[in-house]
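Visitor: I would like a close look at a single part of this model. Please take me through the interior and keep the sentences short.

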Amino acid sequence: MNKIHLFIALFTLVACSRVKPPEPFGPVPSERQLEWHEMEFYAFVHFNMNTFTDKEWGFGDESPELFNPTELDCRQWARVCKEAGMKGIILTAKHHDGFCLWPSQYTEHSVKNSPWKDGKGDVVAELANACKEYGLKMGIYLSPWDRNHADYGKPEYITYYRNQLRELLTNYGKVFEVWFDGANGGTGYYGGANENRKIDRETYYDWDNTYIIIRELQPQAVIFSDGGPDIRWVGNEQGWANPDNWCLLRREEVYPGYGRYKELRSGHEDGTHWVPAECDVSIRPGWYYHPVQDNQVKSLTHLLNIYYRSIGRNASFLLNFPVDSRGLIHENDVKQVLKLAETIGKDFAKDLARGKKVQASQIRGNSRKFSPRNVNDGKKDTYWTTDDQATTANLVINLGKPASINRFLVQEYIPLGQRVQQFTVEAFLNDSWQEIASETTIGYKRILRFTTVETGKIRFKITQSKACPVVSNIELYNAPVVIKEVEIPPDKKPNILFLFTDDQRFNTINALGNKEVQTPYMDKLVHNSITFTHAHIMGGTSGAICMPSRAMLLTGKTLFHLEKKGASIPDEHIMFPELLREEGYKTFGTGKWHNSRQAYARCFTHGGKIMFGGMSNHLKVPVYDFDPSGEYPKEKQYTGEKFSSEMFTDEAIKFLENDTGDDPFFMYVSFTAPHDPRMAPKEYEEIYPRERILVPENFMPENPFDNGEMKIRDEKLAPWPRTEEIVRDHIGAYYAMITHTDAQISRLVDALEKNGKAENTIIIFAGDNGLAVGQHGLLGKQNLYEHSIRVPLIFTGPGISKSIRTDALCYLNDIYPTLCEMTGIPIPGTVEGKSLVPVFKKPKTDIRDDLFYAYRNIQRGIRTNDNWKLIAYNVKNRDTTQLFNLNKDPWEKNNLANDPKYQEKVNELTERLKSYMKRIDDPMDLDKENWGKEKVVIPAH
């Protein structure tokens, strides 16, 4: 009898051993990718020239002498990362400004020419030694874009870049990851050329041959970029992947700077290659250190959410430390990351599933080799699976007695591919199975959080899978409640109210010096804000100036990088309302939208009374209701029933009254006033008796020469020559519209205060362009005088100083990066504006040395921060030049261009203008006859 039992046992053992494992399904990870998956959590360090210039992106002209950390200690970096549970550090060895943290033999723009350690230092070497001491791996970020190098954009730069890559991969030991990004090409120093250089991101770098170098020198290093080849960007810089996250990617479609980057948050279910996601995010709003952000370190709750939305969603977590100018990870950052490590340790302190009894609905060949007990045996190379035809199955974990559970962790055996498409988790409660969570993909690791349940059994149900499921690990935990942060202000994004007027010039606010106009609410804004008194537009390539002006505002682009003069905005030009929408903001838009229906649809989740176009009678505005489909067919247009400013304000108030949620909002309220036709309700007209209106100091019956736009529609609103009576009438009507608009803004802000969200709301007030209204003999905006290109710009809200006025030169397209920095959202690489946040802290800060202006192909201008201004004209092949000293002549009455003693200043500014034109891709050439207009067409970008 014993022999029979022995025979049966031996037969069963042999039969089980003959059950074949599943075949790999789809793309599978390489050995280097498997090693990377197990790292999970590691650090990024942004420490470079920008640390000492208080910038995010340097221009490339910075002196190496600026780099001089006083207490640089890479061992401190490594110690902090080790204590935080991280497994490696990736260093920005070179950022876009081209400054190298190692003494590269291929450039002088490096630490060898800095005062730090008398030019004998090497940050990369110090970090390599520190990582080795603390058992960490080291990675390298070498920016493909170099704004310093003279050959960038030429084939010679690729040789230079590869030589530097060889240095880094040869001289500093083993490297686990080589990190590339998609910021490529744009304005830069470029060895003194100071110009804008464009490259073809798909072909210029010849990445395949660059990757060969990495494979040769560091065969186990994974390569990161938008599309891999080994690791992909997750499509945002906030540290989260989508709930459905595939390790798969149609890799051949994706390249650095990939336009459809949102796809990277989920990968491709039908991907051709294994390219898992890495979630990069900074512990502060910026990637580089800025003292103003010392109290803006992410809260514990925020960091914990990132952990669960990165590692918990089948991705890695790359957390950036902006090392400070001492050369240390700031103590506030250290405090937070160690709190995160402590909390993660508590969340996963005890695996309640380990060693407990597990039953499966199906086992592959009934083989012990594929037993359900493999999912909680603590071994990473064992797994449970089913027969090939079984693509749905379930496991029941019996805990033996009731326990509190609020975390569920599951892993697929990824050497055989990623398979599961949908699954649920159920708890046995009150004698029945009740669903507590339902999700999609798993991959290397999936962690679910849910409300605590008290149960003795958990059922894991795979409801859809590409092939038979292969599960290597399941863990159950009861995480303690996280105490809400009190030491650091909560990481709640501010609401944003953007108020935009049409044709309102800079000097039409009472509090800013114009005592004729009544603007009580705008005055209140000025007293509670920082006001940029020298904000400008760059000009326009169309008589409808507001169209390119608004396109520049929305995209952060410069004038000659717009598409179709701003009439449409391509998908790759990410608009700031669109970005805010992607970052979780409710976005609302009402009023004038002059940049295509498709662009509006990309930006807004809510809206109403939308006017697609440039102008209309204020009592008969053609509008649309908000259309979630984004189509806005012509037959849905109708005529508004109120004065434009009142109608748009009503819609905005309605949105506020219905907004009861916690998500931050962005409101874009775009008035068509005070654009002509100049009309206002009677009670506002009566405020301005025409006989009391002052004629401006630079009143002229006619402009002294033909500026190329003397017959445009705006100038036909009154006959020539202009008379004082005509100008007073236009100014009075203009002021009446501004006062009426002011009253509507006051209504709107009252509604904001009533809904209790005013304290956490940033309010921005700006105009899209100015207007002559009688100055220089002109009525319109198709010129480069201050009255037409200078606009109001006011910021007020949490953290913004009050009653501050700054004369820092800026453009409207600087609002975009400013909002990004204020909300902690990384600035997209497509944005060309400059953040104004440094001016908030130090109002005398100059972020621009000069401003460039253009109108069509007939006018060009430049203004310096010492208030000299030159305007050049070419009309009907005739050149005219104007030079103004705005310190002495703010009304631009005295042209100094023909005075011999100012000829040197004319020459200086003309050369400066030519350099600027080249830098921003202006198609005109002042040195050519007729500026080359016969051969040049403004390109679409």
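Visitor: How many residues does the largest nonpolar core have, and which of them have the most contacts inside it?

Guide: A note before the answer: this is a predicted model. The largest nonpolar core has 113 residues. Five of them have the most contacts inside it: Phe 532, Trp 593, Leu 793, Phe 795 and Phe 852. Among secondary structure elements, strand β36 (residues 868-875) gives the most to this core. Its share is six residues. A second core, separate from this one, has 81 residues. Met 86, Trp 116, Leu 136 and Tyr 172 are included in that second core.

Back to Trp 593. Residues up to four places away in sequence are left out of its contact list. What remains includes the aromatic residues Tyr 600, Phe 604, Phe 612 and Tyr 668. Trp 593 also touches Met 575, Ala 599, Cys 603, Met 611 and Gly 613. One further partner is Leu 554.

Leu 554 leads to helix α11, where it is one of the buried residues. The helix covers residues 546-555, and ten of its ten residues are buried, so α11 is largely enclosed by the rest of the structure. Here buried means under 20% relative accessible area. The buried set is not purely nonpolar by name: Ser 549, Arg 550 and Thr 555 are in it. So are Cys 546, Met 547, Pro 548, Ala 551, Met 552 and Leu 553.

What encloses the helix? Its buried residues pack against strands β20 (495-501), β23 (539-540), β24 (586-593) and β28 (665-670). They also pack against helices α12 (576-582) and α18 (815-823). Just after α11 comes Gly 556, with a positive phi of about 75 degrees.

Strand β28 also borders a loop. That loop runs between α14 (644-658) and β28, and Gly 661 sits in it. Gly 661 has 28% relative accessibility, so it counts as partly exposed. Leaving aside neighbours within four places in sequence, Gly 661 is in contact with Lys 586 and Lys 757. Gly 661 and Leu 913 are 252 residues apart in sequence, and their C-alpha atoms are 50 Å apart.

Next, empty space. The structure holds three cavities of 30 Å³ or more. About 80 Å³ lies in the largest. Its lining residues are Arg 32, Glu 35, Trp 36, Met 39, Lys 137, Lys 174, Val 175, Phe 176, Gln 220 and Val 222. Two elements give two or more residues to this lining: α2 (31-37) and β4 (175-179). Helix α2 gives the most, with three. By class, the lining has five nonpolar, four charged and one polar residue.

Finally, the whole chain. It comes to 20 helices and 37 strands. Buried residues make up 61% of its 941 residues. Take the contacts between residues at least 6 apart in sequence: 72% of them join residues at least 24 apart. The C-alpha atoms fill a box of roughly 125 × 65 × 50 Å along the principal axes. The radius of gyration is 32 Å, which agrees with the value near 30 Å for a compact globule of 941 residues.

Key: Residues are numbered from 1 along each chain as its sequence is written. This is a predicted model: local features need pLDDT of at least 70, side-chain atom pairs count only at pLDDT 80 or more; totals for chains, interfaces and linings use all residues. Side-chain values use heavy atoms; hydrogens and water are left out. Buried means under 20% relative accessible area, exposed over 50%, partly exposed in between (1.4 Å probe, protein chains only). Helices (H or I, at least four residues) and strands (E, at least two) are DSSP runs, numbered from the N terminus. Contact means heavy atoms within 4.5 Å. A nonpolar core is a set of buried Ala, Val, Leu, Ile, Met, Phe, Trp, Tyr and Cys residues joined through side-chain atoms within 4.5 Å. On a 1 Å grid over the protein atoms alone, a cavity is a set of points where a 1.4 Å probe fits but cannot get out, and a pocket is an open set with protein on both sides within 12 Å along at least five of seven lines; lining residues have an atom within 4 Å of a point. Grid points are joined across faces, edges and corners, and a volume is the space filled by probe spheres set on the points. The radius of gyration is taken over C-alpha atoms; the globule rule is 2.2 Å times the number of residues to the power 0.38.
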